[in-house]
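Student: I would like a close look at a single part of this model. Please start there, then place that part in the whole.

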Amino acid sequence: MQNSPINPKEHETIAVIGGGIIGLFSALSLQESGKQVTLIERDEIGGRQAASFGNGCWISPGAVMPISYPGLWRSVPRFLMDPNGPFSVRWQYLPKLAGWLLRFIWAGRNWAQIEDQVSKRLPLLKQPVQRYLQLGTEAGVANLIRQCGAIYLYRSKKELEADQRGWDLRRHSGVSLQILNGEELRQIEPDLSPDYQYGVLMPDAAMLTDPGAFCAALAKLFVKRGGMHLKGEISEFIFKGEKLAGLRTATEEVRCDKAVVAVGIWSKKLAALLGDKIPLVSERGYHITIADPDVQINHGLMPADGKMAVVATTTGLRLAGQVELSSVDTPPRWERAHIQLAHAYRLFPKLNAAGKTHDVWMGHRPSTPDSLPVICRSKKSPDIIYAFGHGHTGISMAPDTGLLVAGLADDNKEAEKLSENYLARRF
């Protein structure tokens, strides 16, 4: 019998830097391609410090729209003046942020740019729910995935029509949609205020009822499969000639043939060590969770007037959203979390939040100006792969990002071609 040819890549050791949702899906996908994988994370996986803990919980194949859009520049003065708006800028941070803001506005300068960005986001949103179910079942936490669909809510036809271009783009991209009137909304969401007269249902969306616990379970699955989990923070990449030889933390050296940088907002610092200057900023997001709210919701909800995700979680009703542009180290403005509570009262007349336990949280969405992530090789070495910058849609894009990372690690030609959409050098 003829022996099968040996594939040397199957014996490569790959280090994945970052234990958030992107790093976890990357590590698991690399394992499935036959790699020996070490996962390096400085903090508790699934802990409160992580963006993967406190997000809006949506797994949505319809998350194709970028954040910047035509005419947004007119709103910049309001962003600076209104600290309580759904999108605010800490004016003290403006000098450092000005370059990113200009690129952000330019990225949404016309609808041709938006259509191009939508076409590039689509390959990262192929079948996210199915992949979550596959790994969630293997990890024993499929019960944390709620296949319930998501509804965008509008108080008037005028509000709905203002978003029509975006819904047309989603529909043309193959996203399943259903327009609902007020009576139909009340039939499927009885506790919703009658002030909301229109809705757009995306039936294929799902929710994570506890993203932190789901991440922790994926980490355990990774180790069960034979992966190594190390706690530490990377301070240096070690090279022998042009080849990556390992990574250095404060306490040890980690040998590896390749590495994946997937540490969210902190990826910017590591990329700079490798010669890549990425315009990555923190779109700081807040959530407030109301325990025992005395209202029930049957879908994920997104009110157009509040711009926040409303989700039933294992700990209560979570309202997650708000965009605050500031430095990573700026102390939180917890008023921004409580702003969402006022929106919750408008959404649900029966809401009983007085005297209830309100958990508040703030985290860092790693965001690029054009709402496209960075998934490519570093300037310094083809042995180092970037996987960060997913902004508001890391949960939804994590499965296909992980598969793309695994393809790049295998030098797959289709993966190389796809990664051209997400090159660091586009900036």
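Student: Is strand E19 (residues 358–367) mostly covered or mostly open, and how many of its ten residues are buried?

Tutor: Keep in mind that this is a predicted model. Strand E19 is mostly covered. Seven of its ten residues are buried. The cut-off for buried is under 20% relative accessible area.

Now its partner. Strand E15 (residues 281–290) runs antiparallel to E19. Ten bridges join the two strands. One residue pair to pick out is Ile 288 with Val 360: Val 360, in E19, is the bridge partner of Ile 288.

Move on from E15 along the chain. The loop between E15 and strand E16 (300–303) holds Asp 294. Check the backbone there. Asp 294 has a positive phi of about 65 degrees, although this residue is not a glycine. After E16 comes another loop, leading to strand E17 (308–313), and Lys 307 lies in it. Lys 307 also has a positive phi, near 50 degrees, and is likewise a residue other than glycine. Its relative accessibility is 45%. Partly exposed covers the range between 20% and 50%, so Lys 307 counts as partly exposed.

Next, a contrast in pairing. Three strands form an open sheet in the order E3-E9-E5, with antiparallel pairing. Its edge strands are E3 (58–59) and E5 (145–146), as each of them pairs on one side only. E3 pairs with strand E9 (residues 206–208) over two bridges, in the antiparallel sense. There, Ile 59 has Ala 206 of E9 as its bridge partner.

Now the N-terminal stretch. Strand E1 (residues 13–17) contains Ala 15. The relative accessible area of Ala 15 is 0%. The cut-off for buried is under 20%, so Ala 15 is buried. What does Ala 15 touch, leaving out residues up to four places away in sequence? The list is Thr 38, Ile 40, Leu 247, Cys 256, Lys 258, Ala 259 and Val 260. Ile 278 is 263 residues from Ala 15 along the chain, and their C-alpha atoms are separated by 21 Å.

Gly 34 sits in the loop between helix H1 (21–32) and strand E2 (36–41). Its relative accessible area is 34%, which makes Gly 34 partly exposed. Ala 406 is 372 residues from Gly 34 in sequence. In space, the C-alpha to C-alpha distance between Gly 34 and Ala 406 is 9.8 Å.

Step back to the whole. The protein has 14 helices and 21 strands. Its radius of gyration is 21 Å, and the globule rule gives 22 Å for 427 residues. The two values are close, so the protein is as compact as a globular protein of that length. Along the principal axes, its C-alpha atoms fill a box of roughly 70 × 50 × 45 Å.

What about cover? Of the 427 residues, 56% count as buried. The protein exposes about 18,600 Å², and carbon and sulfur atoms supply 52% of that area. Contacts reach along the chain too. Among those with a separation of 6 or more, 76% come from residues 24 or more positions apart.

Last, charge. There are 50 positive and 44 negative charges. Their mean positions are 4 Å apart.

To return to your strand: E19 is mostly covered, and ten bridges join E15 to it.

Conventions:
Residues are numbered from 1 along each chain as its sequence is written. This is a predicted model: local features need pLDDT of at least 70, side-chain atom pairs count only at pLDDT 80 or more; totals for chains, interfaces and linings use all residues. Side-chain values use heavy atoms; hydrogens and water are left out. Helices (H or I, at least four residues) and strands (E, at least two) are DSSP runs, numbered from the N terminus. The radius of gyration is taken over C-alpha atoms; the globule rule is 2.2 Å times the number of residues to the power 0.38. Buried means under 20% relative accessible area, exposed over 50%, partly exposed in between (1.4 Å probe, protein chains only). Contact means heavy atoms within 4.5 Å. Accessible areas come from the Shrake-Rupley method with a 1.4 Å probe; for residues, only the protein chains shown count as cover. Lys and Arg count as positive and Asp and Glu as negative; His and the chain ends are not counted. The place of a charge is taken as NZ of Lys, CZ of Arg, CG of Asp or CD of Glu. Two strands pair if DSSP finds at least two bridges between them.
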